[in-house]
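Student: Could you take me through the ligand site and the loop beside it? I would like a close look at that one part.

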Amino acid sequence: MIDLYFAPTPNGWKAAIMLEETGLAYRPILMRLSEGDQFTPEFLAISPNAKMPAIVDHAPGADWGDDPVTVFESGAVLLYLADKTGQFVPPRTDLRARKALMEWLFWQVGNQGPMAGQLSHFRNYAPEGDRAYGFERYLGEYDRNLGVLENRLDGREYILGDYSIADMLAFPWAFIAKPLGASLDAFPRVADWRARIKARPAVQRAIDLHKSEQNRGQHRADNNTVLFNQSAASLRSRAKGNRD
Ligand SMILES: N[C@@H](CCC(=O)N[C@@H](CS)C(=O)NCC(=O)O)C(=O)O
């Protein structure tokens with residue numbers, strides 16, 4: 001059994017999609033981010049960056065020894081699950097395909113993901129008067145990354161050719177283009193790729209997971225004190241169990 005620390009956001013969906021696609025047994029543990037569930041000492045011991053998704057695999061297999069395996073960061077979570085099952089990942093012996101997987105995994109977690117996350121921040125959370133510059137900047141970067149994906153999908157149905165964890169990582173932020181204030185109109189290959197992935201039953205199950213909790217408390221000014229005012233010192237203190 002795998003514990004999935006989850007909230008219904010694009011980053012949470014990545015891990016839920018992979019768990020649904022592989023058919024691994026898992027238990028979703030709902031995190032209320034606007035209420036600070038990510039700052040408990042128990043969760044920080046699993047995910048020191050205080051962000052979900054994260055997993056705990058209670059039966060990792062003989063190679064891993066007796067203790068449960070914890071994994072944080074969506075790219076690492078999906079790679080761990082892919083290597084565990086041998087699914088949605090090129091074989092380790094195919095060095096060129098494996099290299100391509102790493103390129104697109106790091107592209108997603110280092111480029112598309114953070115730019116889309118900041119776009120969401122400036123569209124949904126920043127104080128009204130401070131939104132314009134950040135919104136334009138990150139909308140431009142979000143679009144630029146869609147262009148990178150559009151080029152990659154020229155002659156390919158999926159990022160690596162076959163459906164893989166690279167697609168599962170990149171899909172969720174493209175899925176919510178419209179609510180982010182962006183459009184896929186200029187990116188027809190991305191739009192078709194998004195539709196192909198969205199139609200997969202496993203993807204639909206993942207997106208529906210704890211759906212009623214989606215956007216809970218979003219856009220509320222008092223969220224900001226929990227979500228956006230964390231410092232290095234406050235994280236250190238929370239990891240020790242101090243809840244102030
Ligand atoms: N780089 C991380 C990003 C994860 C992330 O930003 N998660 C957000 C929700 S989408 C979160 O847990 N936020 C809680 C917080 O910032 O306090 C990953 O890919 O896993």
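**The ligand site**

Tutor: Happily! An oxygen atom of the ligand is 2.6 Å from an N or O atom in the side chain of Lys51, where a polar contact is a pair of N or O atoms within 3.5 Å. The protein covers 81% of the 510 Å² of accessible area that the ligand has on its own, by the Shrake-Rupley method with a 1.4 Å probe. This is a predicted model, in which local features need pLDDT of at least 70 and side-chain atom pairs count only at pLDDT 80 or more, while totals for chains, interfaces and linings use all residues. Residues are numbered from 1 along each chain as its sequence is written, and side-chain values use heavy atoms, with hydrogens and water left out.

Gln38 also takes part, with a polar side-chain atom 2.8 Å from an oxygen atom of the ligand. Met52 uses its backbone instead: an N or O atom there lies 2.9 Å from a nitrogen atom of the ligand. Gln38, Lys51 and Met52 are joined by Glu73 and Ser74 as the nearest of the 13 residues around the ligand, a residue being near if one of its heavy atoms lies within 4 Å. By class, that shell has six nonpolar, four polar and three charged residues; Ala, Val, Leu, Ile, Met, Phe, Trp, Tyr, Cys and Pro count as nonpolar, Asp, Glu, Lys and Arg as charged, and the others, Gly among them, as polar.

Now for the backbone. Met52 is followed by a cis peptide bond to Pro53, with omega near 10 degrees. Pro53 is found in the loop between helix H2 (41-46) and strand S3 (54-57); helices (H or I, at least four residues) and strands (E, at least two) are DSSP runs, numbered from the N terminus. Ala50 has its place in the loop between H2 and S3, and has a positive phi of about 60 degrees although it is not a glycine. Most residues other than glycine have a negative phi, and most peptide bonds are trans.

Methods: Polar contact = N/O pair within 3.5 Å; in protein donor to acceptor, adjacent residues only side chain to side chain.
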